[in-house]
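Me: Got a minute to go through this model with me? I'd like to talk about the metal site and the charged pairs.

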Amino acid sequence: MHEFIAELYPICRSITGDGLRETLKRIGKRIPLEINEVPSGTQVFDWTVPREWNIRDAYIKDQHGRRVVDFMRSNLHVVNYSVPMKATMALAELMPHLHSLPEHPDWIPYRTSYYTENWGFCLTQRQLEQMRDGIYEVCIDSTLKDGSMSYGECCLKGREDSEILLSCHVCHPSLCNDNLSGIALMTFIAEYLSRLELRYSHRFLFLPGTIGSIAWLSRNEENIDRIKHGLVVACVGDSGEFNYKKSRRSNAEIDRAVPHVLSHSSPSFKVMEFSPYGYDERQYCSPGFNLAVGSLTRSPNHCFPQYHTSADDLSFVRAEYLAESMTIFLKVINVLENNRTYVNLNPKCEPQLGKRGLYRSEGGKIDGQLHELAALWVLNLSDGSASLLDIAERSGIEFNAISNAAAALAAHDLLREVPDSSKNQNSPSRACGAPGDA
Ligand code: ZN
């Protein structure tokens, strides 16, 4: 994952343009990715897909022709979506277009101006302090033209049409934790899951922030109720503890699965209630959709000093933290995939586990006291109303032990699965991976 981040790092991405396309193309070399193009000017709910932005070069030259600010050294030096510009001007005139971070004099800030036509440069405070009064040549060799906005979608078909959604933004230029880490993690999860037999269909969305999720929701409105669980993936490569922000529903299955996994995997983590601030969960959890989509990050946006600066670089994200994040995400998916509700077929007193080889003292197949305890919890609470996740929460035993015990008990006809009434199989509308998907 870290190598993939390093590969994508130099590309100048934005909410539209060739950098975004190139990024999606590279993701598409690893997983089956459908790349969609939404034409500029397309109305998506209350928003309009903006014109396409591309940039080749940008600089500020001093009187000696030296590039004092140079896009070729870092794509963060230009305010993302800057309109084309070619002029000479005095420093005083240039100043309102220069952005720096006095509190971190060696870092370049990241700034955008997507929906207001503007231009500017971002530079370190040290660079700014070295600029003397005088005339400067300013060039931004960009274009802002009718074109399209690209986004990527990968769908893995499961036994059910019901879906688990993972979504990340792909619009940031050379920034690693926010959000090349999310792009890399989602790519690797999709690659991993593509080799497994899945219960749910899994949909992976690689979208330009805000406008991308709004466009996707407006184009897929009729199938939205397929999404049963979802996570927005961002900032998963730094050393910070895990932070889970619940969906707007607050008590959805995902809102319980993530804290359950974290409580058995992480020494410390935070769970926050939903707030309409952050990444694309703002759109998924808007009242007209109200999807069960939470947001799982390590350090959340705005909560680490390197956020939206050049210090969010390849050394800020580390392979070990990415790997740990991947484990957590896979454990959450495992809970969702295997959460079921059973009814105990032998509810009058405990069934005799020993004679079925399910009890340790008689050389049982379930080894260890914990698994016996898990089996007793599953038998006791499986009255058709409690799911395996309910039982894991109430018993304090990790989901996998509960799920394994249930599988062993079901194999001995001590449990029967209760059908999930929320399943929408045989739905006539577009299924993940079905013909016509493109
Ligand atoms: Zn960001």
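**Salt bridges and the zinc site**

Reply: This is a predicted model. Let's start with Lys270. At 44% relative accessibility, Lys270 is partly exposed.

Me: Which side chain does Lys270 meet in a salt bridge?
Reply: Glu241, at 3.2 Å, N to O. The two are 29 residues apart and link distant parts of the chain. Lys270 is in strand E15, and Glu241 is in the loop between strands E13 and E14. Glu241 is partly exposed, at 29% relative accessible area.

Me: How many salt bridges in total?
Reply: The count is 27.

Me: What about Asp141, what does its side chain pair with?
Reply: Arg56, at 3.4 Å, N to O. Asp141 lies in strand E9 and Arg56 in strand E4, so the pair ties together parts 85 residues apart in sequence.

Me: Where are Lys25 and Glu22?
Reply: In helix H2, three residues apart, about one helical turn. Their side chains form a salt bridge at 3.5 Å, N to O. Both belong to a salt-bridge network with Glu7, Arg26 and Arg30.

Me: Switching to the metal. Which residues are the protein donors of the zinc ion?
Reply: His172 through NE2, Asp178 through OD and His308 through NE2. They lie 2.0 to 2.1 Å from the zinc. The spacing in sequence is H-x5-D-x129-H.

Me: Where do His172 and His308 lie?
Reply: His172 is in the loop between strand E11 and helix H5. His308 is in the loop between strand E16 and helix H9, so the pair ties together parts 136 residues apart in sequence.

Me: Is His172 buried or exposed?
Reply: Buried, with a relative accessible area of 10%.

Notes: Residues numbered from 1 in each chain as written. Predicted model: local features only at pLDDT ≥ 70, side-chain atom pairs only at ≥ 80, totals over all residues. Heavy atoms only, no water. Donors = N, O, S within 2.8 Å, 3.2 Å for Na, K, Ca; no water. Helix = DSSP H or I, 4+ residues; strand = E, 2+ residues; numbered from the N terminus. Buried < 20%, exposed > 50% of the residue type's maximum accessible area, 1.4 Å probe, protein only. Salt bridge = Lys/Arg side-chain N within 4 Å of Asp/Glu carboxyl O.
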